[in-house]
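Please review the entry shown below with attention to its fold, its enclosed space and its charged side-chain pairs.

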Amino acid sequence: EAFQRERTFTADAAHELRTPLAGLRSTLEVALSRPRDSAEYRQAIAECLEIVRRTDALVTSLLTLARLEGGQGPVYAESIALAEAVRDALQPLEDRVAARRLAVHAQVAADLHAAADRATLGMVLTALVENAVEYANEGGRIDIGAERTGRSVTLAVANTGCHLSDDDVSHVFERFWRGDTSRTDTGVHCGLGLAIVRRAVESLGGTATASAAGDVFTIRVVLPPPSGETP
């Protein structure tokens, strides 16, 4: 079973890498097919640069996932203020949120902390927020909340606009899985974000689960509290 997973991973990775490389080659071949003015060459270069950026993001995700699955997790955990971490994850996405007319509601108490490696938790929150912004319906809503639950801390990120079935939801943490089985978004969404989220959260000693109710999709992350805290 482990060998089969690795064969599938290798085949999918090759497929994902082939697509942007084909786009890069096609753009360059068209640009060189006849003499062009400087504006056309600049446009071709800009298109190639965007493809390279996407490919770099894919390779970075592959390396991150390999590191996490190889047990190379965070060096140490510290007490992280979740409200501040959520703000840091949201800030770079403000323009995209505005462009899609999304209503974002974050309810995280200022004194709520979790035990986590700062960089790893930042990666998790960024991936969760980016996923919500990307898949929420135009003019939809994103809700982010966190609370103490017994001896743990639970963080939830939810977005409207979900069309996933229960069976779909059971696959969202799988590598390279997409709700769009036609793969029309190949090269744009590499299908690794939530796989990395689950492995990263597990490396922090927590769990990540997904659910869908009506048109609302929710990811719940359970993390340990800072050392020494009691419920």
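The report below treats the overall architecture, then the cavity, one helix and the salt bridges.

The coordinates are those of a predicted model. The protein chain contains seven helices and seven strands, and their order along the sequence is α-α-β-α-α-β-β-α-β-β-α-α-β-β. Of the 231 residues in the chain, 37% are buried. Among contacts with a separation of 6 or more, 72% join residues 24 or more positions apart. The accessible surface amounts to about 13100 Å², and carbon and sulfur atoms contribute 54% of that area.

As to enclosed space, the structure has one cavity of 30 Å³ or more. The largest cavity encloses about 40 Å³, and its lining consists of Leu128, Asn131, Ala132, Val157, Asn159, Phe217 and Ile219. Helix H5 (118-135), strand S5 (152-159) and strand S7 (216-223) each give two or more residues to this lining; the largest share, three residues, is that of H5. By residue class, the lining of the largest cavity holds five nonpolar residues, two polar residues and no charged residue.

Helix H7 spans residues 193-203, and its buried residues include Leu194, Ala195, Ile196, Val197, Ala200 and Val201. Glycine 205 follows H7 and has a positive phi, near 85 degrees.

Side chains of opposite charge can pair when their charged atoms come close. Nine salt bridges are found in the whole structure. Three of these pairs are set out in the table.

| Pair | N to O distance |
|---|---|
| Arginine 25 and glutamate 29 | 2.9 Å |
| Arginine 53 and glutamate 50 | 4.0 Å |
| Aspartate 143 and arginine 141 | 2.8 Å |

Arginine 25 and glutamate 29 both belong to helix H1 (residues 2-32); because they are four residues apart there, about one helical turn separates them. Arginine 25 is exposed, at 57% relative accessibility, whereas glutamate 29 is partly exposed, at 46%.

In helix H2 (residues 38-69), arginine 53 and glutamate 50 are three residues apart, so about one helical turn lies between them. Arginine 53 counts as exposed, with a relative accessible area of 51%, while glutamate 50 is partly exposed at 32%.

For the remaining tabulated pair, aspartate 143 is partly exposed at 29% relative accessibility, and arginine 141 is partly exposed at 37%. Elsewhere, Arg34, Arg36 and Glu40 are joined into one network by salt bridges that share partners.

Technical notes
Residues numbered from 1 in each chain as written. Predicted model: local features only at pLDDT ≥ 70, side-chain atom pairs only at ≥ 80, totals over all residues. Heavy atoms only, no water. Buried < 20%, exposed > 50% of the residue type's maximum accessible area, 1.4 Å probe, protein only. Contact = heavy atoms within 4.5 Å. Areas by Shrake-Rupley, 256 points an atom, 1.4 Å probe, with all protein chains shown as cover. 1 Å grid on protein atoms, 1.4 Å probe; cavity = no way out; pocket = protein on both sides within 12 Å on 5 of 7 lines; lining within 4 Å. Points joined across faces, edges and corners; volume = space filled by probe spheres on them. Nonpolar A, V, L, I, M, F, W, Y, C, P; charged D, E, K, R; others polar. Salt bridge = Lys/Arg side-chain N within 4 Å of Asp/Glu carboxyl O.
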